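Colleague: Hi! Could you walk me through how the protein meets the DNA here?
Modeller: Happy to, have a look at this first.

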Protein chains: 2
Amino acid sequence: MGNFKIGELAAAAGVGRDTIRYYERMGLLREPARTAAGYRLYDATDLERVNFIRSARELGFTLEQARQLLALRASDTAHAQAVLDITLAKIADAEARLERLSDIRDMLRMLADECPGEVPVSDCPILAFLTARRKDQQHNKKHQAAQDERSPRAKGVLS
Amino acid sequence: MGNFKIGELAAAAGVGRDTIRYYERMGLLREPARTAAGYRLYDATDLERVNFIRSARELGFTLEQARQLLALRASDTAHAQAVLDITLAKIADAEARLERLSDIRDMLRMLADECPGEVPVSDCPILAFLTARRKDQQHNKKHQAAQDERSPRAKGVLS
DNA sequence: CTTGACCCTGGACCATGGTCCAACCGGCAT
DNA sequence: ATGCCGGTTGGACCATGGTCCAGGGTCAAG
């Protein structure tokens with residue numbers, strides 16, 4: 001049955017060869033069969049697996065979550081609730097990001113609206129804001145981080 | 001006039017000592033004066049600068065953009081338009097992210113709504129979707145990336 | 001037989017914004 | 001003089017998801 005080499009798998013899935021090897025290293029793909037020369041040999045189920053991972057990535061799942069989803073899919077005792085839980089966490093995460101980001105956008109928009117380009121920088125309200133804004137530091141602690149820079153120490157937020 | 005050492009500056013700005021040294025290495029802070037023993041000596045303008053950078057970060061600006069904004073602020077020939085341009089680019093970037101992310105959230109929410117937890121994973125519509133969805137790959141090329149994983153090769157989007 | 005396209009491995013490197021480390025020195029109190 | 005806190009340096013390391021490279025081996029075509 002149609003075995004293919006890594007380049008073929010990669011092309012079929014629309015990723016680079018290195019990505020395939022990376023997924024293997026990360027434990028997302030099984031260690032494939034090899035030819036006598038050591039070439040990796042894949043089959044349709046591997047392609048399907050890579051496709052699954054790519055789909056998950058496109059929906060914002062991390063590789064780690066993709067790994068969990070694959071494990072759940074392979075389980076015959078798990079029920080859909082586990083998948084739903086991961087998905088709900090991802091939704092909550094997306095919503096938190098959306099809120100933070102739209103707050104930032106609103107703030108930037110306000111500042112941009114106030115800024116008449118044709119003045120010297122010394123009269124720029126955006127710079128003035130950046131320069132002055134340090135009092136509201138304390139009470140703004142709820143939205144302290146910027147954008148999507150989830151701090152390395154912000155663990156557990158998603159999954 | 002009140003000079004302070006790195007730990008004092010860091011505490012006053014609410015960051016770590018290493019962050020101050022990092023900003024210095026990145027060219028965001030000037031190389032400070034030193035005591036005979038080599039200790040860095042800062043003054044109020046340095047604190048103000050760190051505060052500016054932190055404010056910019058909180059609004060989603062990168063350190064590189066913060067550097068640009070500081071340069072503009074220091075210029076006596078630049079006009080506010082340059083600052084506005086950076087800000088408008090940031091807004092556009094935020095809006096693009098918001099759209100992608102809310103599309104993803106909607107998709108996830110749809111899937112979650114369809115999923116009755118109490119079935120075996122083999123009947124999970126979320127997994128089914130992830131498994132099947134590879135045909136729409138081609139025409140979905142407009143929103144190909146996930147979430148905030150701006151690909152390393154996506155340069156020029158912001159700034 | 002040679003060329004070119006493919007494959008192998010292990011490891012370095014990219015961006016981002018820091019954080020932490022060892023190994024050392026300075027300065028003050030007890 | 002001993003402890004302790006804080007300063008110095010250069011460099012490694014964190015997460016994330018790959019990407020690229022050198023220095024080989026393999027395989028089919030011409």
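Modeller: What follows is a chat about the two DNA strands and the residues around them.
Modeller: This is a predicted model, where local features need pLDDT of at least 70, side-chain atom pairs count only at pLDDT 80 or more, and totals for chains, interfaces and linings use all residues. Residues are numbered from 1 along each chain as its sequence is written, chains are lettered from A and ligands numbered from 1 in the order written, and side-chain values use heavy atoms, leaving out hydrogens and water.
Colleague: How many residues surround DNA strand C?
Modeller: There are 20, where near means a heavy atom within 4 Å. Arg21(A), Arg40(A), Asp18(B), Thr19(B) and Tyr22(B) are the closest. Of the strand C atoms within 4 Å of the protein, 74% belong to sugar and phosphate.
Colleague: Which polar backbone atom is 2.7 Å from a phosphate oxygen of strand C?
Modeller: One of Arg40(A). Side-chain N or O atoms also approach phosphate oxygens of strand C, at 3.0 Å for Arg34(A) and 2.9 Å for Tyr23(B).
Colleague: And which element gives the largest share of that surface?
Modeller: H2(B), with four residues.
Colleague: Switching to strand D, which residues come nearest?
Modeller: Asp18(A), Tyr22(A), Gly7(B), Arg21(B) and Arg40(B), out of 19 around the strand. Sugar and phosphate make up 73% of the strand D atoms within 4 Å of the protein.
Colleague: What about side chains at the phosphates of strand D?
Modeller: Polar side-chain atoms lie 2.9 Å from a phosphate oxygen for Tyr23(A) and 3.2 Å for Arg57(A). For Arg17(B), the distance is 3.1 Å.

Definitions and conventions:
A polar contact is a pair of N or O atoms within 3.5 Å; within protein, one must be able to donate a hydrogen and the other to accept it, and residues adjacent in sequence count only if both atoms are side-chain atoms. Helices (H or I, at least four residues) and strands (E, at least two) are DSSP runs, numbered from the N terminus.
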